[in-house]
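Subject: Handover of a structure and the findings on it

Dear colleague,

Please find below the structure that I am handing over to you. The findings follow directly after it.

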Amino acid sequence: MSPIGHFMSNKPWPGTSDRIGEIRNPATGTVTGQVSLASKADVDAVVETAAKALPGWAATPPAKRATVMFEFRDLLKQHTDELAKLLSAEHGKTLPDAKGEIARGIEVVEFACGIPQLLKGEYSEAVAQNVDSFSVRQPVGVVAGITPFNFPAMVPLWMYPVAIACGNTFVLKPSEKDPSVVMRIAELLAEAGLPEGVFNVVNGDKEAVDALLDNPTVEAVSFVGSTPIGHYIYSRGTANGKRVQALCGAKNHMVIMPDADMDQVVDALIGSAYGSAGERCMAVSVAVPVGEETADRLVEALEPRIRALKIAPYTDPESELGPVISKQSYDKIHNLIADGIEQGANLVVDGRDITLQGYEEGYFIGGCLFDNVTTDMSIYKEEIFGPVLSVVRSGDYDTAVQMINDHEYGNGTAIFTRDGDAARDFWARVRIGMVGVNVPIPVPVAYHSFGGWKRSLFGDHHIHGMEGVRFYTRLKTMTTRWPSGIRTGAEFNFTGGK
Ligand code: NAD
């Protein structure tokens with residue numbers, strides 16, 4: 001088995017490091033591949049390649065850069081099935097889910113196709129007598145992206161299509177747990193006509209990340225992953241003078257008002273809490289029913305639906321809930337469930353004792369439902385990142401909003417209600433970056449921007465959409481005056497050589 005290497009100058013490159021990581025199929029627990037873990041020297045070589053490609057690419061007219069994006073979009077569409085299989089085999093999510101993530105990634109490429117329009121500057125005529133002022137956005141330079149395991153295709157696609165379309169060159173460090181889909185997408189970008197060195201992939205772990213953060217040629221870093229790592233990357237990157245955006249962990253609450261349509265609520269919670277085994281930064285992990293009666297109806301309606309979830313590997317077309325990513329993650333989730341019981345929460349549905357014939361070593365956890373969770377419990381405070389939903393009963397609406405505002409994370413939230421006034425008050429007051437009204441996972445479309453508040457995002461800019469264009473460009477403002485010369489007072493006539 002030869003390890004997956006890196007991608008540089010539009011072709012695979014093995015690198016020089018002899019450190020190797022294992023890739024596992026989470027449904028079986030078996031090792032299915034290996035990945036090279038780049039050394040600092042490998043990273044520096046890839047960054048140098050990106051730096052060499054920068055002047056030519058930055059000077060390429062935006063409309064020409066956009067033609068590569070149009071071609072890339074078509075290739076992603078044509079290869080969606082193949083990419084989804086590669087992705088599911090290493091991540092474990094169901095095939096429809098994998099296709100969905102690729103479709104959402106393609107939307108960012110479509111946004112990047114409009115880059116000539118997005119880069120248009122501003123112009124003010126006559127800011128003073130005969131003085132004009134205008135501004136343009138220019139690429140920042142070599143940009144790095146560091147991405148998590150849970151959306152191995154989509155999260156990188158949030159970054160590099162916009163960065164590249166803006167005229168930057170890019171070095172992506174994907175998750176070492178599921179790197180294959182990115183390697184295939186890199187080939188498609190080359191096939192789309194992207195010049196050598198504009199998009200590069202370096203596989204690796206902390207050593208590669210640190211090398212990117214310390215390399216002075218890297219001007220900006222986009223990170224998506226957990227909060228402790230994101231905070232570290234933000235601190236080290238900005239200390240080294242880089243522009244950094246770090247999108248991090250989450251604990252997303254859904255408030256259920258007494259007037260909500262309970263069928264709609266339960267459908268929404270099943271998809272948003274248990275879809276992708278709860279391994280989404282926008283997963284709903286806390287349900288907050290308002291009033292005891294609402295809470296009783298909710299738990300009663302949820303319980304049979306959770307028990308009925310079809311738990312199976314992605315190869316089973318009926319699968320609704322696949323395995324979690326790793327043994328480490330499996331153990332962490334089990335430990336948190338044990339903590340929840342010990343700290344007094346009521347485990348209404350216990351999904352821990354799942355064994356699937358032929359997949360005994362896989363990392364499957366069935367859907368779990370906790371009731372009577374309180375805000376001091378670890379299952380409430382921590383991001384579990386597994387198929388575990390906590391019900392925190394709230395006596396009234398204001399307490400529910402306060403609870404959300406007091407939580408350290410601020411990625412997404414939702415309210416389910418038929419009352420426009422409650423919905424309006426909710427989105428106006430809640431200290432969260434993305435808010436849904438009767439929409440459980442309010443992920444913004446590509447032409448809006450994605451990002452949380454509080455400890456769910458470090459940095460000033462959200463990702464993709466116009467915020468992405470701002471992050472990946474520097475603003476330059478010109479003030480110009482042209483003294484009169486050739487037009488007035490100049491002598492054009494031949495005067496006979498006095
Ligand atoms: P992670 O933080 O473990 O890893 C993310 C990246 O950081 C990977 O590329 C990894 O190789 C690298 N990394 C890991 N440890 C490092 C270290 N010590 N030093 C330097 N780099 C390191 O995250 P994960 O487990 O891959 O992904 C799950 C997390 O990502 C969850 O917390 C989830 O909420 C978050 N996430 C957030 C968003 C968002 O938009 N806010 C989106 C998706 C995932």
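A residue is called buried here if 20 or more other C-beta atoms lie within 10 Å of its own, and exposed if 12 or fewer do. By this cut-off the number of buried residues among the seven of β5 is zero, so β5 lies largely in the open. Please note that this is a predicted model.

The three-stranded sheet

Strand β5 belongs to an open sheet of three strands, ordered β5-β6-β22 and paired in the antiparallel sense. The edges are taken by β5 (122-128) and β22 (473-481); each has a single partner strand, so one side of each is left without a neighbour in the sheet. From one strand to the next, the twist averages 25 degrees.

Four bridges connect β5 with β6 (residues 131-139), and the pairing is antiparallel. Within this pairing, S124 stands opposite S133 of β6, while A128 has V131 as its bridge partner in β6. The two strands form a hairpin with two residues between them. N130 is found in the loop between β5 and β6, and its phi is near 65 degrees, a positive value in a residue other than glycine. As general background, most residues other than glycine have a negative phi. N130 counts as exposed, with 11 C-beta neighbours inside 10 Å.

The seven-stranded sheet

A further open sheet has seven strands in the order β14-β15-β16-β13-β12-β18-β19, and its pairing is mixed. Here β14 (346-349) and β19 (434-437) stand at the edges with a single partner strand each, so one side of each has no neighbour in the sheet. The twist of this sheet averages 20 degrees from one strand to the next.

At one edge, β14 pairs with β15 (residues 368-371) in the antiparallel sense over three bridges, and N346 stands opposite D371 in β15. Elsewhere in the sheet, β12 (residues 252-256) and β13 run parallel and are joined by five bridges. One of the paired positions is H253, whose bridge partner in β13 is V286.

How far is strand β13 (residues 284-289) enclosed by the rest of the structure? Six of its six residues are buried, so β13 is largely enclosed. The loop between α10 (262-274) and β13 contains A277. Although A277 is not a glycine, its phi is positive, at about 55 degrees. A277 is buried, because 32 other C-beta atoms lie within 10 Å and the cut-off is 20 or more.

Two helices

Helix α6 (residues 154-165) consists of twelve residues and spans 17 Å from its first C-alpha to its last, close to the 16 Å expected at 1.5 Å a residue. α6 is mostly covered, with twelve of its twelve residues buried. Among them are W158, Y160 and the prolines P156 and P161. Just after α6, G167 takes a positive phi of about 105 degrees.

Helix α8 (residues 206-214) contains D210. D210 is partly exposed, with 16 other C-beta atoms within 10 Å. The C-alpha atom of D210 is separated by 9.6 Å from that of V43, although the two residues are 167 apart along the chain.

The ligand

Where does the ligand lie with respect to domain 1 and domain 2? Domain 1 (6-248 + 456-480) and domain 2 (252-437) both give residues to the shell around the ligand, so the ligand lies between them. The ligand is surrounded by 27 residues, and the closest are P148, G225, S226, I229 and C281. By residue class, the shell divides into 13 nonpolar, nine polar and five charged residues.

In summary, two items may serve as points of entry when you open the model. The first item is the ligand, which lies between domain 1 and domain 2. The second item is the pair of residues other than glycine with a positive phi, namely N130 at about 65 degrees and A277 at about 55 degrees. N130 is exposed, whereas A277 is buried.

With kind regards

Notes:
Residues are numbered from 1 along each chain as its sequence is written. This is a predicted model: local features need pLDDT of at least 70, side-chain atom pairs count only at pLDDT 80 or more; totals for chains, interfaces and linings use all residues. A residue is near a molecule or strand if its C-beta atom, placed from the backbone, lies within 6 Å of it. Ala, Val, Leu, Ile, Met, Phe, Trp, Tyr, Cys and Pro count as nonpolar, Asp, Glu, Lys and Arg as charged, and the others, Gly among them, as polar. Domain bounds come from an automatic or database domain assignment. Two strands pair if DSSP finds at least two bridges between them. Axes are lines fitted to C-alpha atoms, for helices over the stretch in contact, and angles run from 0 to 180 degrees between N-to-C directions. The expected span of a helix is 1.5 Å times one less than its number of residues.
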